[in-house]
Amino acid sequence: MKNILFVASECVPFIKTGGLADVVGALPKSLDRTEFDVRVILPDYTCIPEKYRSQFHYITNFYMDLGSLGNIYVGILSFELDGVTYYFIDNEHYFSGDKPYGDMRFDIEKFCFFSKAALSILPVIGFHPDIIHCHDWQAGLVPVYLHTLFKPNPFYHGIRTIITIHNLRFQGIWDIKTIQSITGLPLDIFTPDRLEFQKDANMLKGGMVYADRITTVSGTYAGEIQMPYYGEGLDGLLRARHDSLSGILNGIDYDIYNPQTDPKIEKNYSVKDFRKGKAANKTKLQEELGLPVNPDVMMISMITRLTDQKGLDLVAWVMERMLDTEIQFVVLGTGDANYENMFRHYEWTRKDKVSASIYFNDERAHKIYASSDAVLMPSSFEPCGLTQLIALRYGSVPIVRETGGLRDTVEPYNRFAGTGTGFSFTNYNADEMLNIIFYAEQVYYDNRKEWDKMVERGMKADFSWKNSAKEYEALYRSLIG
Ligand code: ADP
């Protein structure tokens, strides 16, 4: 048996703010359990739903020293779900509140504590991992601790580490003095070739320097982040470590996202009867949203965090011109106030064309995926992107910018060859985006047969975890030897 330990700050179904949670929730279940014993360490947030927390099983507690902060309480709880063992690190000072993240300074301290605690509990629970698979900056210090403060302890010898970057934009940066003092890490590792980053300390960078392997969530993004435009200041390090860097695409959970069985949608459908099925979903949603009920009008949607990353400045730029064409535009998202207000404004002034749901609602998301004809995703960068994968599965044609995982998962429509699953444009340019939207509208209205074939190809594409899990398994094997 090969022992694999995941360390992460989010995991479906316990706690989710983004795609990271989907990955950490789905991947352990998808690995071959006859070969890998996979366990997951998470924070015991008090905002995890009570239906799970009430079933957590208390194991023990101890006190762990944390730099200048002295001895700190570490509780250990465990819970088994779908054959995977989860450990939750308990400390109410750090993990209470109604959401996992908040004040950055406090988050830094929180995840310094979490990373060290994750290593400290291993001898206590009696689990010796062959590989610790760390996710994002919140677990970035795990490889650093392992190669410094934990090095003298023979229990930790032979453990290999992987860090997966789900979004390079978030790095966990604070001043060196504070992070050194909280962590108790030796001062001599806060140098530009290790944890130092533009005079500050960078927790993700620490993980990237000390981990045996670095992965990210698509092949294209793995290439892009070695360039200054996408590298967020770490492209030099990534170039230096390119031999240890690879991209493995995320999948989506095909049980949760299945239009044939999804209980959240109005009418279930498959690749065989999607035309009827999607029309029924669309008219029901139009009714719900107060849009004119018409199965024949093209519905374009966005289901997304409303931030710059998602290309909303492009959308803002051409919104008026887009709305002058024969479409309905449906938005579900929260984020920056200026984008939230922009969509509220358009909903108010163009009631016949725009619906804006400015909140987070999973059920509504499923309904929109089932109802839409196209899903727009003009991201400035996109490590993998799950939205377009869900859209494909539900027969909504993705219209995307060719970057990161979008480029790797959406094959551009080619009318001569009769191939492709969506539409894409190259440059981060609003007019280029608008042109491709117009082209999609043209195919939709003037060549519905071709459009439907494209839907069919998209629905048949396989982005389940099966393939990705195989790649992670191969990576684990190559490290364990
Ligand atoms: P990111 O992780 O950068 O936010 P992804 O495309 O990888 O983007 O994942 C976003 C996930 O969150 C998708 O499953 C999408 O459906 C979901 N989502 C985004 N915004 C909302 C919302 N307002 N309500 C419900 N689900 C949402």
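# Working through a predicted model

This predicted model has an open sheet of 9 strands, ordered S3-S4-S5-S2-S1-S6-S7-S11-S12, with mixed pairing. Grab the structure and work along.

## Exercise 1: the sheet

Find the edge strands of the sheet, then describe how S3 and S4 pair.

*Solution.*

- Step 1. Go to the two ends of the strand order: S3-S4-S5-S2-S1-S6-S7-S11-S12. The edge strands are S3 (57-65) and S12 (245-247), and each of them pairs on one side only.
- Step 2. Check the twist. Ignoring direction, neighbouring strands of this sheet are turned by 25° against each other on average.
- Step 3. Look at what packs on the sheet. Helix H19 (residues 465-480) does, and it touches S1 (2-7), S2 (36-43), S6 (131-135), S7 (160-165), S11 (213-216) and S12. The direction of H19 makes about 150° with that of S7.
- Step 4. Now zoom in on S3. As a reminder, strands of a sheet pair through backbone hydrogen bonds, either parallel or antiparallel. S3 and S4 (residues 71-81) go for the antiparallel sense, over 8 bridges. To pick out one position, start from Asn61: its bridge partner in S4 is Gly75.

## Exercise 2: a buried threonine in S11

Work out whether Thr216 is buried or exposed, and list what surrounds it.

*Solution.*

- Step 1. Place the residue: Thr216 sits in strand S11.
- Step 2. Apply the cut-off, under 20% relative accessible area for buried. Thr216 comes in at 0% relative accessibility, so it counts as buried.
- Step 3. Collect the contacts, leaving aside neighbours within four places in sequence. Thr216 is in contact with Ile165, Tyr221, Ala222, Ile225, Ser246, Gly247 and Ile248.
- Step 4. Ask what the polar side-chain atom is up to. A polar atom of the Thr216 side chain lies 2.8 Å from the backbone oxygen of Ile165.

## Exercise 3: which face of H6 is buried?

Show how the buried residues of helix H6 are arranged around its axis, and say what covers them.

*Solution.*

- Step 1. List the buried residues. In H6 (residues 176-183) they are Ile176, Thr178, Ile179, Ile182 and Thr183.
- Step 2. Look down the helix axis. The buried residues of H6 fall within an arc of 165°, so they line one face of the helix.
- Step 3. Find the cover. It includes helices H4 (104-125), H5 (141-147) and H7 (203-210), along with strands S8 (173-175), S9 (196-197) and S10 (200-202).
- Step 4. Check both ends. At the start of H6, a side-chain oxygen of Asp175 reaches to within 3.2 Å of the backbone nitrogen of Lys177. Just after H6, Gly184 takes a positive phi of about 70°.

## Exercise 4: a threonine in a loop

Find out what Thr148 touches beyond its sequence neighbours, and how far it is from Tyr210.

*Solution.*

- Step 1. Locate Thr148 in the loop between H5 and S7.
- Step 2. Judge the burial. Its relative accessibility is 15%, so Thr148 counts as buried.
- Step 3. Skip residues up to four places away in sequence, and Thr148 touches Leu185, Pro186, Ile189 and Tyr210.
- Step 4. Take Tyr210 from that list. Thr148 and Tyr210 are 62 residues apart in sequence, and their C-alpha atoms are 9.9 Å apart in space.
- Step 5. Follow the side chain of Thr148: one of its polar atoms lies 2.7 Å from the backbone oxygen of Val144.

## Exercise 5: odd backbone geometry

Explain what stands out about the backbone at Pro13, Gln198 and Lys199.

*Solution.*

- Step 1. Recall the usual case: most residues other than glycine have a negative phi, and most peptide bonds are trans.
- Step 2. Check Pro13, in the loop between S1 and helix H1 (19-30). A cis peptide bond joins Val12 and Pro13, with omega about 10°.
- Step 3. Move to the loop between S9 and S10, where Gln198 sits. Gln198 is not a glycine, yet its phi is positive, about 45°. At 62% relative accessibility, Gln198 is exposed.
- Step 4. Look at Lys199, in the loop between S9 and S10. Its phi is near 75°, a positive value in a residue other than glycine. With a relative accessible area of 69%, Lys199 is exposed.

## Exercise 6: the annotated spans

Describe the two spans that UniProt lists as residues 3-239 and residues 297-437.

*Solution.*

- Step 1. Take residues 3-239, listed in the unreviewed UniProt entry as "domain: Starch synthase catalytic". This span is 34% helix and 27% strand, with its end C-alpha atoms 30 Å apart.
- Step 2. Take residues 297-437, listed in the unreviewed UniProt entry as "domain: Glycosyl transferase family". Here the chain is 40% helix and 24% strand, and the end C-alpha atoms are 14 Å apart.

Conventions:
Residues numbered from 1 in each chain as written. Predicted model: local features only at pLDDT ≥ 70, side-chain atom pairs only at ≥ 80, totals over all residues. Heavy atoms only, no water. Pairing = 2+ DSSP bridges. Helix = DSSP H or I, 4+ residues; strand = E, 2+ residues; numbered from the N terminus. Axes fitted to C-alpha atoms, helices over the stretch in contact; angles between N-to-C directions. Contact = heavy atoms within 4.5 Å. UniProt positions renumbered as here; feature names shortened; annotations may be inferred. Buried < 20%, exposed > 50% of the residue type's maximum accessible area, 1.4 Å probe, protein only. Arc of directions from axis to C-beta. Polar contact = N/O pair within 3.5 Å; in protein donor to acceptor, adjacent residues only side chain to side chain.
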